[in-house]
There are 2 protein chains.
Amino acid sequence: MSSSLNAHLVEEADSRISNLIHKTPILTSSTLDEICEKKLYFKCENFQKTGSFKIRGFLNAILKAKESGHLKGVITMSAGNGGQSLAYSASKVGVPSIVAVPETVSTTKADAIVAYGAELQRCPPNITILEETCEKLAKDLGYYYVDPHSDYEVMAGHGTVVKEFLEQTPDLDALLVQVGGGGLIAGVAKYVAEVNPKIKEQSFQVINECCQKRTFSVNNQEISNAMLLIMQRLKVVIEPSAALGLAAVLKYREELKDCHKIGIILTGGNANLNKLQF
Amino acid sequence: MSSSLNAHLVEEADSRISNLIHKTPILTSSTLDEICEKKLYFKCENFQKTGSFKIRGFLNAILKAKESGHLKGVITMSAGNGGQSLAYSASKVGVPSIVAVPETVSTTKADAIVAYGAELQRCPPNITILEETCEKLAKDLGYYYVDPHSDYEVMAGHGTVVKEFLEQTPDLDALLVQVGGGGLIAGVAKYVAEVNPKIKEQSFQVINECCQKRTFSVNNQEISNAMLLIMQRLKVVIEPSAALGLAAVLKYREELKDCHKIGIILTGGNANLNKLQF
């Protein structure tokens, strides 16, 4: 594990993984722009390998571990996208993988992790138990534990999404980033702060302000409305957490009044569509 | 209205409309390929302006009519995508539009047509009455009636989807095309038959065989299953009729055993998602 996170680590991660993942497209919608009175740019990580941005961080961490010496196997804890990403990355690298999952995990998500080749370790739904299980198994088996929340290589890999985004859409005023476990926002914020001088300054001051200094919260109903709007207008399938950015744009009009060109990361597309009725 | 349909008409349509519509992407999925034991290429007309391929034909017919002389207004009959396409095209050209709809049309679809700027003319749900209404209104108002099923410029415009598809994915063995009112298959089949000599012959013999000489039918359950697979795996929103191609590939394995690289047109994305539950 690297000892600090910086833009160089993100650039290294990008060189390491870019040939193995998709360069995902940016979508726009004139109707959504009219509704929000903004120019919105959606980075479609729902089209990414394994259906979410998380492949970026896990693949980077595993490739880096392999570069650094003999890699016997990998383990992480996850209830979904992280587990799929670890399993897929391990299969590409050719090592076995274990995912510690809360025993409350849905069958769909558990099946998806197994389908990518990992072995499941079911645990009580408690983060301390999940972490201890990973640490113990890693020690016993000699596996590399990819800590989803504090491994800098995971964060750096996640940060590559914004490197790519800014290359595709360079003049954004603001970037809205979901905060879950914190790995995405860590990688993104570090990268954006450091590359600031390279890009049009005025714009980037605003990105820094919005991305690093402000947090917005949205509720389930606002997420559900934004998710439906995205699916209806952009015609892409996303999971609920991917709708947070649009939900915030719709809710925080006053707070975002100085941000005109806004980047939103559609983090993943692994929605449960089993209840869909036509 | 042109007096015959041929590849030249499709090429003219392409020059006329290509700057005003999206060049839609091709998506692939290794999981769907494994399930079907084929290489499948999906042409994403769900991302097209107004959410379906129909903008191609209507826009072409209306632009052609405008080129040919003074255009006072346009009218068509439709219960959905055709009406949206007419309305959008008329607004781009700057003329008023009327869409004769069956009075059973859903509020969602009626609203979408109106949102693009057309006036609705509600009629009893009978195709003869709808046609006669269009003809009478066109005569009384001096509007151009865009007949969705027999106007060669509509068919030629629709045919541009396959011109673009073959340029993006030149070596297909087969192309599966939905048959609704017949406008899409007419434009596609004519174009494919005529440009045959320009493209690798062996492949194209198979395209002709599959596209022009064989029809497959699928039922609602098969369509629903294929629609769910596409939304889960490609992460795109499609309407039920767009799932027909994949439903046929899944059902007619024996009949399609000699076709390895298959093109499928995701015709539209205007699905009713109001019943979606998360």
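## A tour of the predicted model

Start at Arg56(A), a buried residue whose relative accessible area is 0%. The model is predicted, and every value below is computed from it.

**Salt bridges in chain A**

Keep Arg56(A) selected and add Glu45(A): their side chains form a salt bridge, with N and O 2.8 Å apart. Glu45(A) sits in the loop between strand E2 (39-44) and helix H3 (54-67) of chain A, while Arg56(A) belongs to helix H3, so the bridge ties together parts eleven residues apart in sequence. Glu45(A) is also buried, at 0% relative accessibility.

Next, select Lys64(A) and Glu153(A). Their side chains meet in another salt bridge, 2.8 Å from N to O. Here the partners are in helix H3 of chain A for Lys64(A) and helix H7 (residues 152-168) of chain A for Glu153(A), so the parts tied together are 89 residues apart in sequence. Glu153(A) has a relative accessible area of 1% and is buried.

Move to Lys257(A) and Glu254(A), a salt bridge whose closest N and O atoms are 3.9 Å apart. Lys257(A) is partly exposed, with a relative accessible area of 44%, and Glu254(A) is exposed at 54%. Then select Glu12(A), Arg16(A), Lys64(A), Glu67(A) and Glu153(A) together: salt bridges with shared partners join these residues into one network. Over all chains, the structure has 29 salt bridges.

**Cysteines**

How many disulfides does a search of the whole structure find? It finds zero over all chains. Select Cys44(A) to check one case: the nearest cysteine sulfur belongs to Cys44(B) and is 11 Å away. Cys44(A) is buried, with 0% relative accessible area.

Now go to Cys134(B). Why does the sulfur of Cys134(B) have no bond to the closest cysteine sulfur? That sulfur, in Cys123(B), is 7.1 Å away, which is too far for a bond, because a disulfide requires the two sulfur atoms to be within 2.5 Å. Cys134(B) is buried too, at 0% relative accessible area.

**The sheet in chain B**

Select strands E1, E2, E8 and E7 of chain B. In that order they make an open sheet of four strands, with mixed pairing. Which strands are at the edges? Strand E1 (26-27) and strand E7 (174-176) of chain B are the edge strands, each pairing on one side only.

Narrow the selection to strand E2 (residues 39-44) and strand E8 (residues 261-266) of chain B. These two pair in the parallel sense, over six bridges. To see one facing pair, pick Leu40(B), which stands opposite Ile262(B) in E8(B).

**Two helices in chain B**

Select residues 183-195 of chain B, which form helix H8. This helix has 13 residues and spans 19 Å from its first C-alpha to its last, close to the 18 Å expected at 1.5 Å a residue. Colour its buried residues: Gly183(B), Leu184(B), Ile185(B), Gly187(B), Val188(B), Ala189(B), Tyr191(B), Val192(B) and Val195(B).

The last stop is Ala248(B), in helix H11 (residues 244-251) of chain B. Is Ala248(B) buried or exposed? At 6% relative accessibility, Ala248(B) counts as buried. Leaving aside residues up to four places away in sequence, Ala248(B) touches Phe216(B), Val218(B) and Leu256(B). For a final distance, take the C-alpha atoms of Ala248(B) and Glu45(B): they are separated by 19 Å, with the residues 203 apart along the chain.

Conventions: Residues are numbered from 1 along each chain as its sequence is written. Chains are lettered from A and ligands numbered from 1 in the order in which they are written. This is a predicted model: local features need pLDDT of at least 70, side-chain atom pairs count only at pLDDT 80 or more; totals for chains, interfaces and linings use all residues. Side-chain values use heavy atoms; hydrogens and water are left out. Buried means under 20% relative accessible area, exposed over 50%, partly exposed in between (1.4 Å probe, protein chains only). The expected span of a helix is 1.5 Å times one less than its number of residues. A salt bridge is a side-chain nitrogen of Lys or Arg within 4 Å of a carboxyl oxygen of Asp or Glu. Two strands pair if DSSP finds at least two bridges between them. Contact means heavy atoms within 4.5 Å.
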